[in-house]
Amino acid sequence: MSDATPNPSPDEQPTQNLTMDILEIMSLLPHRYPFLLIDRVIEMEPRQRIVAIKNVSINEPHFQGHFPDYPIMPGVLMVEAIAQAGGALLLAEIPDRDSKLMVFTSIENARFRRPVTPGDQLRIEVTVLNWRTRAVKMGGSITVDGKLVCDATVMCQVVPRVAKKIEAKVETAE
(Lines give C-alpha, C1' and ligand atoms only; values in the text may rest on other atoms or scores of the structure.)
Protein backbone atom coordinates (compact mmCIF):
# COMPACT_ATOMS: atom_id res chain seq x y z
CA MET A 1 0.00 0.00 0.00
CA SER A 2 1.40 3.38 -1.00
CA ASP A 3 1.43 6.50 1.18
CA ALA A 4 1.49 8.67 -1.91
CA THR A 5 -1.31 11.20 -2.09
CA PRO A 6 -2.91 11.62 -5.51
CA ASN A 7 -2.64 15.02 -7.18
CA PRO A 8 -5.22 17.34 -5.62
CA SER A 9 -8.12 18.48 -7.73
CA PRO A 10 -8.25 22.20 -8.66
CA ASP A 11 -10.69 22.76 -5.78
CA GLU A 12 -8.16 21.26 -3.36
CA GLN A 13 -5.11 23.20 -4.54
CA PRO A 14 -3.24 24.97 -1.74
CA THR A 15 -4.26 28.59 -1.42
CA GLN A 16 -1.85 31.51 -1.70
CA ASN A 17 -0.23 32.79 1.46
CA LEU A 18 -2.80 35.23 2.81
CA THR A 19 -0.65 36.56 5.66
CA MET A 20 2.79 38.20 5.81
CA ASP A 21 5.33 38.69 8.55
CA ILE A 22 7.63 41.71 8.68
CA LEU A 23 10.32 40.09 6.51
CA GLU A 24 7.81 39.31 3.76
CA ILE A 25 6.48 42.89 3.97
CA MET A 26 10.02 44.25 3.68
CA SER A 27 10.59 42.08 0.60
CA LEU A 28 7.71 43.96 -1.09
CA LEU A 29 7.94 47.51 0.25
CA PRO A 30 11.07 49.68 0.03
CA HIS A 31 10.22 51.46 3.31
CA ARG A 32 12.41 50.92 6.38
CA TYR A 33 12.52 52.20 9.95
CA PRO A 34 11.35 54.72 10.95
CA PHE A 35 8.97 54.91 8.00
CA LEU A 36 7.79 51.31 7.62
CA LEU A 37 4.33 51.59 9.15
CA ILE A 38 2.87 48.09 8.94
CA ASP A 39 4.10 45.19 11.08
CA ARG A 40 2.05 42.24 9.87
CA VAL A 41 -0.55 41.31 7.27
CA ILE A 42 -3.27 39.15 8.81
CA GLU A 43 -5.67 38.83 5.85
CA MET A 44 -5.31 39.27 2.13
CA GLU A 45 -7.54 38.66 -0.86
CA PRO A 46 -5.33 39.31 -3.91
CA ARG A 47 -6.39 42.36 -5.93
CA GLN A 48 -9.33 42.97 -3.56
CA ARG A 49 -8.54 43.52 0.11
CA ILE A 50 -5.83 43.51 2.76
CA VAL A 51 -5.81 43.80 6.56
CA ALA A 52 -2.58 44.83 8.28
CA ILE A 53 -1.52 45.51 11.86
CA LYS A 54 0.64 48.35 13.20
CA ASN A 55 1.75 48.30 16.83
CA VAL A 56 2.22 51.87 18.07
CA SER A 57 5.19 52.32 20.42
CA ILE A 58 6.35 55.30 22.49
CA ASN A 59 9.82 54.67 20.99
CA GLU A 60 8.75 55.99 17.58
CA PRO A 61 10.62 59.21 16.77
CA HIS A 62 7.58 61.39 15.98
CA PHE A 63 6.39 61.17 19.59
CA GLN A 64 9.33 63.33 20.74
CA GLY A 65 7.68 66.35 19.16
CA HIS A 66 4.04 65.31 18.56
CA PHE A 67 3.38 66.09 21.42
CA PRO A 68 5.79 65.72 24.36
CA ASP A 69 3.08 65.94 27.06
CA TYR A 70 0.35 64.22 25.01
CA PRO A 71 1.84 61.81 22.46
CA ILE A 72 -0.53 61.23 19.54
CA MET A 73 0.26 59.64 16.20
CA PRO A 74 0.20 62.18 13.35
CA GLY A 75 -2.74 61.69 11.00
CA VAL A 76 -0.50 61.84 7.97
CA LEU A 77 1.29 58.72 9.23
CA MET A 78 -2.01 56.89 9.52
CA VAL A 79 -2.81 57.75 5.89
CA GLU A 80 0.69 56.56 4.96
CA ALA A 81 0.00 53.26 6.78
CA ILE A 82 -3.14 52.84 4.65
CA ALA A 83 -1.07 53.45 1.51
CA GLN A 84 1.65 51.02 2.62
CA ALA A 85 -0.88 48.27 3.30
CA GLY A 86 -2.37 48.94 -0.13
CA GLY A 87 1.15 48.93 -1.57
CA ALA A 88 1.80 45.46 -0.15
CA LEU A 89 -1.40 44.27 -1.85
CA LEU A 90 -0.53 46.02 -5.12
CA LEU A 91 3.16 45.11 -5.30
CA ALA A 92 2.43 41.44 -4.55
CA GLU A 93 0.79 41.37 -8.00
CA ILE A 94 3.67 43.04 -9.90
CA PRO A 95 6.11 40.45 -11.28
CA ASP A 96 9.04 42.86 -11.80
CA ARG A 97 8.49 44.77 -8.54
CA ASP A 98 12.22 45.03 -7.79
CA SER A 99 12.47 47.58 -10.59
CA LYS A 100 9.30 49.48 -9.53
CA LEU A 101 8.14 51.86 -6.82
CA MET A 102 4.64 52.60 -5.63
CA VAL A 103 3.93 56.31 -5.16
CA PHE A 104 0.97 58.32 -3.91
CA THR A 105 -1.00 60.17 -6.55
CA SER A 106 -3.90 61.42 -4.42
CA ILE A 107 -5.54 61.43 -1.01
CA GLU A 108 -9.26 62.11 -0.73
CA ASN A 109 -11.68 62.46 2.17
CA ALA A 110 -9.14 61.80 4.94
CA ARG A 111 -10.84 61.95 8.33
CA PHE A 112 -9.28 61.58 11.76
CA ARG A 113 -11.86 60.50 14.32
CA ARG A 114 -9.95 59.70 17.53
CA PRO A 115 -6.38 60.13 18.75
CA VAL A 116 -3.95 57.21 18.44
CA THR A 117 -1.54 56.90 21.35
CA PRO A 118 1.40 54.64 22.27
CA GLY A 119 0.21 51.15 23.16
CA ASP A 120 -2.57 51.16 20.56
CA GLN A 121 -2.71 48.49 17.88
CA LEU A 122 -3.95 49.75 14.52
CA ARG A 123 -6.05 47.44 12.37
CA ILE A 124 -5.65 48.80 8.85
CA GLU A 125 -8.23 47.58 6.33
CA VAL A 126 -7.83 48.51 2.68
CA THR A 127 -10.28 47.62 -0.08
CA VAL A 128 -9.63 48.08 -3.79
CA LEU A 129 -12.13 50.43 -5.41
CA ASN A 130 -10.59 50.50 -8.90
CA TRP A 131 -7.62 48.47 -10.17
CA ARG A 132 -5.83 49.40 -13.37
CA THR A 133 -2.60 48.03 -14.77
CA ARG A 134 -0.34 50.50 -12.98
CA ALA A 135 -2.68 52.46 -10.69
CA VAL A 136 -5.07 51.55 -7.92
CA LYS A 137 -7.73 53.51 -6.02
CA MET A 138 -8.30 52.16 -2.52
CA GLY A 139 -10.52 52.90 0.43
CA GLY A 140 -8.86 52.48 3.79
CA SER A 141 -9.94 52.55 7.39
CA ILE A 142 -8.07 52.19 10.66
CA THR A 143 -9.61 50.97 13.88
CA VAL A 144 -8.28 50.63 17.43
CA ASP A 145 -10.20 48.23 19.66
CA GLY A 146 -13.01 48.18 17.10
CA LYS A 147 -13.38 51.99 17.05
CA LEU A 148 -12.77 53.95 13.85
CA VAL A 149 -9.81 56.33 14.19
CA CYS A 150 -9.06 57.22 10.55
CA ASP A 151 -10.39 56.66 7.06
CA ALA A 152 -9.29 57.89 3.64
CA THR A 153 -9.34 57.14 -0.06
CA VAL A 154 -5.90 56.94 -1.65
CA MET A 155 -4.64 56.47 -5.17
CA CYS A 156 -1.26 54.96 -5.87
CA GLN A 157 0.66 54.34 -9.05
CA VAL A 158 3.49 51.98 -9.92
CA VAL A 159 6.43 53.76 -11.55
CA PRO A 160 9.90 52.66 -12.68
CA ARG A 161 12.50 52.74 -9.92
CA VAL A 162 15.37 55.04 -10.82
CA ALA A 163 18.70 53.24 -10.80
CA LYS A 164 20.92 54.07 -7.86
CA LYS A 165 23.70 56.45 -8.73
CA ILE A 166 27.14 55.10 -8.22
CA GLU A 167 29.61 57.72 -7.12
CA ALA A 168 32.96 57.16 -8.73
CA LYS A 169 35.92 57.91 -6.55
CA VAL A 170 38.31 60.16 -8.34
CA GLU A 171 41.82 60.06 -7.05
CA THR A 172 43.83 63.17 -7.58
CA ALA A 173 47.46 62.98 -8.40
CA GLU A 174 49.71 64.82 -6.02
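## Exercises on a predicted model

In this predicted model, the side chain of Q121 makes a polar contact with the side chain of N55, at 2.9 Å. Let's work outward from that pair.

**Exercise 1.** Work out where Q121 sits and which residues it touches, leaving out those up to four places away in sequence.

*Solution.*
- Start with the strand: Q121 belongs to β4, which covers residues 121-131.
- Next, list the partners: Q121 touches I53, K54, N55, T143 and V144.
- Then check a spacing: S57 is 64 residues from Q121 in sequence, yet the two C-alpha atoms are 9.1 Å apart.

**Exercise 2.** Decide whether Q121 is buried, partly exposed or exposed, then do likewise for T153.

*Solution.*
- For Q121, the relative accessible area is 43%. Buried needs under 20% and exposed needs over 50%, so Q121 counts as partly exposed.
- For T153, the relative accessible area is 15%. That is under the 20% cut-off, so T153 is buried.
- Now place T153: this residue is in strand β6, residues 147-160.
- Finally, look at its surroundings: beyond neighbours within four places in sequence, T153 contacts S106, I107, E108, L129, K137, M138 and G139.

**Exercise 3.** Describe the largest pocket and find N55 in its lining.

*Solution.*
- Take the volume: about 150 Å³.
- Read off the lining: I22, R32, Y33, P34, L36, I38, D39, K54, N55, E60 and P61.
- Sort those residues by type: six are nonpolar, one is polar and four are charged.
- Tie this back to the opening pair: N55, part of this lining, is the residue whose side chain meets that of Q121 in the polar contact.

Key. Residues numbered from 1 in each chain as written. Predicted model: local features only at pLDDT ≥ 70, side-chain atom pairs only at ≥ 80, totals over all residues. Heavy atoms only, no water. Helix = DSSP H or I, 4+ residues; strand = E, 2+ residues; numbered from the N terminus. Buried < 20%, exposed > 50% of the residue type's maximum accessible area, 1.4 Å probe, protein only. Contact = heavy atoms within 4.5 Å. Polar contact = N/O pair within 3.5 Å; in protein donor to acceptor, adjacent residues only side chain to side chain. 1 Å grid on protein atoms, 1.4 Å probe; cavity = no way out; pocket = protein on both sides within 12 Å on 5 of 7 lines; lining within 4 Å. Points joined across faces, edges and corners; volume = space filled by probe spheres on them. Nonpolar A, V, L, I, M, F, W, Y, C, P; charged D, E, K, R; others polar.
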